[in-house]
Amino acid sequence: MSKFDLTIIGGGVGGLVTASGASQLGAKVALVEKEKLGGDCLYYGCVPTKSLVHTARIISLLRRSSDFGLNPAKVDFEFKKIMDHMRSIQKKIGKHDNPERFEKMGVKLFFGNGSFIDTGTFEVNGEKIKSRKFLIATGSRPITPSIPGLDKVDYLNNVKILSLNKLPESLIVMGAGPVGVEFAQVFNRFGCKVTILEKVGQILPKEDKELADSLENILKKEGIEINTCINIIKVDQSENKKIVEAECTGTKKRFEADELLVSVGQTPNVEDLNLDKIGVKTTQSGIIVVDETMKTTVPNIWACGDVTGMFPFTHMAEYEAGLVVSNALFPLVKRKMDKRVVPWATFTDPELARVGLSEDEARKQHGEIKVYKYSFKDHDRAVIDGETEGFIKLVCDKKGKILGASILGVGAGDLINEYIFAMKNNMPLQKISGTIHIYPSMGQIVKRGADQYYSEKLFSGWFPKLSKFLIRMGRFF
């Protein structure tokens, strides 16, 4: 029987970061993984999808060649080569998750399914692992919604769609969250006729509606059919066609396509772990309940990543893993999660990135707020690059403290990092506005957004009258 300081269940980002950090600090670490190291991000999430997004953007730019003073370009490609390129990228990045790398760190690896025997013992492949502390980081998988007929249809999810080698002529995307919207745009740019069906009244329901609606218009201009407020009645398959029957505000609608992508969320991978047997509290949907230190209801067991149901992002799993390393190995530290500054991005083109509160959330929580906007079409570098779609939206209190920031525009996922840093360090907009940014760079648009605070102060209210008076008085001296 093996004995460890910390045993990690799950070899995705959260588990791997914890294993690396804990082992390098001198802990005796075991890592249990059902299949292969790397997790959802490497195999079905961030890495492969962003490869497809990048290729689709290049195709879009080639089609826009005349916008940049070039002769119209012939866009010629083979879908299978694009998918093969995506898989080659996975292999390159996957080298960081090579088992040998972690074994050299001193991490003991166990592959296979397992479950808890008690709060101090985990069993995998008949071998009992004794450990002082445990981390559950088993990730999540696509939800299968309860829709009549869906179980009889050969549909796609975010896992299966990445195994395609032939481009479908048409695709229905059920669900307009980040995954659904990204795949919709990618496949549309590859030449597939795409239809989005969303139950809520906007795409990307967790985003500020003004920015989400603006992105929706951009996607529609590209040729994507978008239907919101759609209630799915049933799904059927006729020969090679997938058929979705639905209704919208009482009107029945019928949609047909070669393929159906179901993208309506994720569910945690906690089955067979025997969590109820050892006292780890979960919700009805299987989400593991944790406190601000990532500890479960069992004192020596922590959880991080998708299984906690909080923030299904790779960067948050990495952040939470850091909390677990500190709190599990050094219990007197008690580092707590800062939920005030949690960023994310949807990697459409243009991207939509956000941190903090939306305008509606800020009004509900803070009452009187200030909202500042700055358009990409007013920014010199965006005009130069021909990337004028989108805008910055900043939500602040009356003193300029940033409550939330959203950016719709090219490179938004990179640009928003300056606002994230400012929020984390309680820096008001004035600090960004007063910092010199390089011209002409896209990064300067962050400053231009912050400049709107002073624009309001200087050109409205009592200040213009005072300044005019002082300038007039200065003429006599």
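How many residues sit between strand 4 and strand 5 in their hairpin? Keep that in mind as you look through these close-ups, which come from a predicted model.

**Figure 1. Here is the hairpin made by strand 4 and strand 5.** To settle the opening puzzle, 2 residues lie between the two strands. Strand 4 covers residues 114-118 and strand 5 covers residues 121-124. They pair in the antiparallel sense, and 4 bridges hold the count for this pairing. If you'd like one place to start, find S115, which stands opposite E123 in strand 5.

**Figure 2. Now for two rings, F116 and F122, that meet edge-to-face.** Their centres are 5.1 Å apart. Why does this pair get the edge-to-face label? The planes of the two rings stand at 85 degrees, and edge-to-face is the name for planes over 60 degrees apart. Both F116 and F122 are buried, too.

**Figure 3. This view shows the open sheet of 5 strands.** Read across it and the strand order is 17-18-21-20-19, with antiparallel pairing. Which strands are at the edges? They are strand 17 (343-346) and strand 19 (370-375), each of which pairs on one side only. Going from one strand to the next, the twist averages 10 degrees.

A handy bit of background for looking at any sheet: in a regular strand, side chains alternate between the two faces.

**Figure 4. Let's zoom in on two pairings from that sheet, starting with strand 17 and strand 18.** A hairpin takes the chain from strand 17 to strand 18 through 4 residues. The two strands run antiparallel, joined by 4 bridges, and strand 18 spans residues 351-356. Look for A345, whose bridge partner in strand 18 is A353. The other pairing is between strand 20 (residues 391-396) and strand 21 (residues 402-409). Those two also run antiparallel, and 6 bridges join them. Here you can spot F391 standing opposite L408 in strand 21.

**Figure 5. F77 and F190 bring distant parts of the chain together.** A search of the whole structure turns up 12 aromatic pairs, and F77 with F190 is a tilted one. The ring centres are 6.1 Å apart, with 50 degrees between the planes. Along the chain, though, the two residues are 113 residues apart. F77 is in the loop between helix 3 (46-63) and helix 4 (79-94), while F190 is in the loop between helix 6 (178-189) and strand 9 (193-197).

Buried or partly exposed: which describes F77, at 28% relative accessible area? F77 is partly exposed, whereas F190 counts as buried because its relative accessibility is 3%. These two rings have company as well: F77, F79, F183, F187 and F190 form one aromatic cluster.

**Figure 6. Helix 3 gets its own close-up, with its buried residues on show.** The helix has 18 residues and reaches 26 Å from its first C-alpha to its last, close to the 26 Å expected at 1.5 Å a residue. Its buried residues include V47, P48, L52, V53 and I59. What do the buried residues of helix 3 pack against? Their neighbours are helix 2 (39-43), helix 4 and helix 6.

**Figure 7. Finally, here are two lysines, K28 and K108, each placed over a ring.** K28 lies over the face of F4, 5.2 Å from the ring centre. For K108, the charged end sits over the ring of F110, at 5.7 Å from its centre.

Terms used:
Residues numbered from 1 in each chain as written. Predicted model: local features only at pLDDT ≥ 70, side-chain atom pairs only at ≥ 80, totals over all residues. Heavy atoms only, no water. Pairing = 2+ DSSP bridges. Axes fitted to C-alpha atoms, helices over the stretch in contact; angles between N-to-C directions. Phe/Tyr/Trp six-rings, centres within 6.5 Å; stacked < 30°, edge-to-face > 60°. Buried < 20%, exposed > 50% of the residue type's maximum accessible area, 1.4 Å probe, protein only. Lys NZ or Arg CZ within 6 Å of the ring centre and 35° of its normal. Expected span 1.5 Å × (residues − 1). Contact = heavy atoms within 4.5 Å.
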